[in-house]
Structure formats: C-alpha cells, structure tokens
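These are my notebook entries on a chain that I went through with the coordinates open. I wanted to see which contacts and surface features I could look up.

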Amino acid sequence: MAGGGFTTNGGGAVDFEAKITPIVIISCIMAATGGLMFGYDVGVSGGVTSMPPFLKKFFPAVYRRTVLEQGLDSNYCKYDNQGLQLFTSSLYLAGLTATFFASYTTRQLGRRLTMLMAGFFFIAGVAFNAAAQNLAMLIVGRLLLGCGVGFANQAVPVFLSEIAPPRIRGALNILFQLNVTIGILFANLVNYGTNKIKGGWGWRLSLGLAGIPALLLTVGAILVVDTPNSLIERGRLDDGKAVLRKIRGTDNIEAEFLELCEASRIAKQVKHPFRNLLKRKNRPQIVISIALQIFQQFTGINAIMFYAPVLFNTLGFKNDASLYSAVITGAVNVLSTVVSIYSVDKIGRRMLLLEAGVQMFLSQVVIAIILGFKVKDHSDDLSKGFAIFVVVMVCTFVSSFAWSWGPLGWLIPSETFPLETRSAGQSVTVCVNLLFTFVIAQAFLSMLCHFKFGIFLFFSGWVLIMSCFVFLLVPETKGVPIEEMTNRVWKQHWFWKRFIDDDDYVKDDKIAAANNGFNPASQL
C-alpha cells in the first residue's frame, strides 16, 4: 500500500489506506450476532417439532402418526402437516413483510438503529413462544421473530460490508453467516438436552433460550457505531469523517471520504430507490442478487437445517439419534463456514461457488440412490452402516454449502449495489430470500411425502442449473472497493458491460448539479 493513502491500478481505480482496527473487529462481531438469532430460530424449530410433548400439545394429528403410528400411510409422510409447516414458515412470511419497513429505517435512521429494532422484535417473539398456551400464541411469537429476522437481515450484511476494509470485507461479512451456523448448532445442542427433560416442558426451554442471542444483538446494537456511509448519507458529514478515521486507523482518509460524499450526493438524487433499481444500469446487481437468493434456497439446505431431526426420524433414526445427527451436521456447518472466512478473500467468490456446486450435486445424488433402495413406504432397511453413510453424505452437502452459497448469497449482493440503491437492493435481496425460504419451509414436508427419495434429485437438478449460472454470469468481486464495483467489475464483464452506459452516470451528475450543486469538498 502506498504511503500516500491510496494506489491506482491500470484502470484508474482507487485502493484506500485502511488498517484492521480493533473497533472494526469488535463492531463486526457485535453486529453479526443478528445471524446468531436467525440461526437459532432456524435450528430450534426442527428440534421442537420432533419432540413428542410439543407435538401432543400443538399438533395432535402428527403426534398420533409419529408416536402412536395411527393412520400412517408412508414413512415419508409422518410429518406431512400444513399447521406444522406453518409454525416453521410463518417466521419467514413475517420477515418478508418487515424487510420493506427495514429498508426505510436502514436508509433514514441508520444501520445501527435498525439492528436495535431487530433486537426488540426478537425479545418479544421469544417471550410469546416460550409462554405459548395454544397454536395462535405460538404463531404470533414466530411472526414477531420474523419481523426481527427481516430487520436484522436487512441491516447487518450492509453494516458489515460498509465498515470493513476492502481486503478483508469478505471475511468480516461472513461473520454474519458464521453466527447463523453457530446459532443452528447451539439450537441443536439445546434441543438434544431439553428433549431428555422429564415433565414435557423441555420445548419451552428450547424456545426460551433464544432470548440469549436476542439480548446479545440488542446490547451489540447499542454499543456499536453507525457506518460512515450511513452517517454521510444522512448529512452528518463531521460524524461520518470522525468514524471513518477511527475505523480505518489512519488520518489519511480524505480520498475515501470524498468518494463517500460523492456516492452520497448521487444517492440523495434518488427519490424512489426501488424504482431506480429497475434502471438498465442496475440490471446486473438486481438480477444476480435475486438469482442468488432463489438458488440458495433451492440447494435444499434450509429443508435439511429446518427439519434435520424430522428428516433423520423419517429415515428410521430414533428420536435421540435424530437429534444427535442434527448436532453433527450443525457442527460441520460451523467448521465449514470458518473455512469460508479464511478462503473467500484469497480464493475468491466464484471458485468457492463452483467447487461447492460439484460437491453438493454428487452428495445429493448419492443420498437419493441409497434412500431409493433402502427406505420404502412401510419399511426401512437402513442398516447402521448405511445410516452412518447417509449422515456423512448430508455432512458433505452441508459443508460445501457452508463455505459457498450460505455466506456468499449474502455477501455478494451487499457489496455490489451502489450507495443510492443499496438499502433498496438489500431489501429486495432479503425479501426474495425470505419468500423462497417460506416456500421451501411450507412445502418441504409435503414434497418429502410425495417425492420421497426423489426430493434429493429435485434439489440436485437445481444445483446443476445454479452452477452454470455462476460460471457464466457471476463476476469476481474479491478485493474491489465497494464504491468501485461499476468501473472494476461490471464494465469489465463480458455480458454485463452492455448494461453499463457512461451516459447514464453523466446524466445523473448533470441532474445533481442542476438540483443543488452539491460539492463535497465545500463541506470539509
């Protein structure tokens, strides 16, 4: 890095001076606890829905099929119940709605305050769930948790991308996904322990312990600073400059500050950010962001993580064994995400996505073949050896997802939108993700009942399609400053460059100058 504060490459792009400061690391760790809450919610639902006392109280029809084995048509249909699926999926439906409000608060009130709101929603949802006396109370709690998910998933990835130095932005952003995986593992361990509690109230403890990550997120949001991008966007230039100096660990921030001011000037001209997303120049970012969210869900990962204990129960594992197997997959999930943190800024985004595509495809095909021969409608011939092999294949699938589509599905959209459409773009990203998460959560147990082992072939086909999409249309964004994406990524891509017209940017500048003649240098 040049001593003058930035270096230029052959294309005239700028790399800004930035140290890895303690305040950046601490802020990112605190903010990423939003992922911890999200992960716990994902993991806990599958565990409690496999607990007989929980099923007996809220879903007696499922209880009769799974525990009493009354009216059981097929091993694959034990848990096929729309109410049970609604318990899991209602969270994502609420998050889908909340993300539109979160887009406004993220832009107008800041990333930090939006994360604080998420914490309050989480705490309220936990209280309702832990004290639930009927299904309605249980669903209300899940809806409140969903609002928290919408606000957290809107603000946290943007916060992490904006506060991190470019050269480690990928690693710090993946802290969100790492916390998601830790949350899932924590939930699996809690479920394994509470399932052994006599008296039938273990499920309440499982749902109530979600209060721990909820409190961590709330306290974290109180303690962290807002991002320079957000402060400058809201007109607090002095505060933005002070925070930028603090997080970069150097006084040599003028060039980066001017670029943030310029990005803010352009952003202020956008009166309708969602409408602006539809402009031709924003086509690459919006298409890739939407596609990544759809593909992320159609890997089948959330079907496995939501319902891991239920899935293993279906395959013939006993209750304790199914929960134990879910703990194993959760641990693999965490360790593999750590691999992603180490490799994403070295190997790059594209290579991780493509390698994982091969690994996910092969593991799902192998699982489908084993289940096709060994697990029938009314009998299962899944010996201990084959059962262990299925768990190994599930872990192989989970590991490849955890270092690729899991974190990168959030990272790439959060780092590619320009400031003027970043909140709106992230809102669409979260919205699409939660919409298809809802679809998969609501449909998976019914799909398992009807597709049987073919469910894994269904998802493997999608993995093949998404790998082709990445190979052809997803560019590498490793190490590129977040406000330099247009010049250094989109204008250089063989396909997307046709959508980037310099005249659009010149026109925006002329409009801005005519409107208010904003000059960032005059604000220093």
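**Aromatic pairs**

I looked up ring contacts first and found 21 aromatic pairs in the structure, where rings of Phe, Tyr and Trp (its six-membered ring) pair if their centres lie within 6.5 Å, with planes under 30 degrees apart counting as stacked, over 60 as edge-to-face and the rest as tilted. Phe 298 and Phe 436 have ring centres 6.0 Å apart and planes at 65 degrees, so I entered this pair as edge-to-face. The pair links distant parts of the chain, 138 residues apart, with Phe 298 in the loop between helix H15 (283-297) and helix H16 (301-306) and Phe 436 in helix H22 (residues 419-451); helices here are DSSP runs (H or I, at least four residues) numbered from the N terminus. Phe 298 is buried at 10% relative accessibility, whereas Phe 436 is partly exposed at 21%, where buried means under 20% relative accessible area, exposed over 50% and partly exposed in between (1.4 Å probe, protein chains only). I also noted Trp 496 and Phe 499, a tilted pair at 5.7 Å centre to centre with 45 degrees between the planes, and both of these residues are buried. One aromatic cluster takes in nine names that I copied down: Phe 295, Phe 298, Trp 405, Phe 436, Phe 451, Phe 458, Phe 459, Trp 462 and Phe 469.

**How far to read the model**

I am working from a predicted model, in which local features need pLDDT of at least 70 and side-chain atom pairs count only at pLDDT 80 or more, while totals for chains, interfaces and linings use all residues. Residues are numbered from 1 along each chain as its sequence is written, and side-chain values use heavy atoms, with hydrogens and water left out.

**Salt bridges**

How many salt bridges does the structure hold? I found 12, each being a side-chain nitrogen of Lys or Arg within 4 Å of a carboxyl oxygen of Asp or Glu. Asp 226 and Arg 234 meet at 2.7 Å, N to O; Asp 226 is buried at 9% relative accessible area, and Arg 234 is partly exposed at 25%. Arg 349 and Asp 345 come to 3.0 Å between their closest N and O atoms, with Arg 349 buried at 0% and Asp 345 buried at 18%. For Asp 251 and Arg 245 the corresponding separation is 3.3 Å, and here Asp 251 is exposed at 61% while Arg 245 is partly exposed at 30%. I also recorded a network of salt bridges that links Arg 107, Arg 111, Glu 162, Glu 233 and Arg 422.

**Helices H5 and H8**

I placed Phe 100 in helix H5 (residues 82-108), where Tyr 92 lies as well. Phe 100 is partly exposed at 44% relative accessibility, but Tyr 92 is buried at 0%. The C-alpha atoms of Tyr 92 and Ala 441 are separated by 8.6 Å, although these residues are 349 apart along the chain.

In helix H8 (residues 169-194) I found 26 residues reaching 38 Å from first C-alpha to last, close to the 38 Å expected at 1.5 Å a residue, the expected span being 1.5 Å times one less than the number of residues. H8 is mostly covered, with 21 of its 26 residues buried.

Technical notes:
Helices (H or I, at least four residues) and strands (E, at least two) are DSSP runs, numbered from the N terminus.
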